[in-house]
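Colleague: I would like a close look at one part of this model, the charged side-chain pairs. Please keep to what the coordinates support.

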Amino acid sequence: LFKLIKDKVHRKNSILEIGCNAGRNLNYLFEKGYLNLHGIEINAHAVELMKRTYPNLYEKAKISVSSLEGSMPFLKDNSFNVVISMAVLMHLPYDSNFIFKNIARIAKEFIITIEDERPEILGDRHFPRNYLEIFGSMGFRELESGKCKDDLENYTWRIFKRK
């Protein structure tokens, strides 16, 4: 994740990770000097784990325990320089597609997705989408994309920048 943003995102910029879980990604950014970190996580137990595992991050970051559907419509326009999702959007049911407009609305500069986009993974927990089409139609252009490696070999990463 750091490799994707290090040349694009200043360490003072605000970063929101949607579905931050126990904070592994946010903590990695925190250790790299990013301090304006935010997260939304639906699982209160994961946030409790963050509190124990990454106490410095938990103390400094602003973490909201809520669903995306319940919190994102209330966030201000252009409120985060960067919005990141990693293996979260692919689990949103299709009736939650309004979340994408909210992501585009709150992202001031960049949207970063790291998701499994393969259509053949459709199931009761996987809802594949084409994020290039989605965010491309909402005022963002893709700067870079690629296939992930190792544990995430079926995932695609994309960096979108506001036009």
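To begin with, is Arg-158 buried or exposed? Please go on from there to its partners and to the other pairs.

Modeller: This is a predicted model. Arg-158 counts as buried, because its relative accessibility is 11% and the cut-off for buried is under 20%. Arg-158 forms a salt bridge with Glu-117, with 2.9 Å between the closest N and O atoms. The two residues are 41 positions apart in the sequence: Arg-158 sits in strand E7 (residues 156-162), and Glu-117 in the loop between strand E5 (107-115) and helix H7 (131-136). Glu-117 is buried as well, at a relative accessible area of 15%. Glu-142 belongs to this group too, since salt bridges with shared partners join Glu-117, Glu-142 and Arg-158 into one network.

The whole structure has five salt bridges. One of them pairs Glu-144 with Lys-8 at 2.7 Å, N to O. Glu-144 lies in strand E6 (residues 140-147) and Lys-8 in the loop between helix H1 (2-5) and strand E1 (15-18), so this bridge ties together parts 136 residues apart in sequence. Glu-144 is partly exposed at 34% relative accessible area, and Lys-8 is partly exposed at 27%.

Another salt bridge joins Arg-105 and Asp-77, whose closest N and O atoms are 2.8 Å apart. Here Arg-105 is in helix H6 (residues 98-106) and Asp-77 in the loop between helix H5 (68-71) and strand E4 (80-86), 28 residues apart. Arg-105 is partly exposed, with 23% relative accessibility.

Terms used. Residues numbered from 1 in each chain as written. Predicted model: local features only at pLDDT ≥ 70, side-chain atom pairs only at ≥ 80, totals over all residues. Heavy atoms only, no water. Salt bridge = Lys/Arg side-chain N within 4 Å of Asp/Glu carboxyl O. Helix = DSSP H or I, 4+ residues; strand = E, 2+ residues; numbered from the N terminus. Buried < 20%, exposed > 50% of the residue type's maximum accessible area, 1.4 Å probe, protein only.
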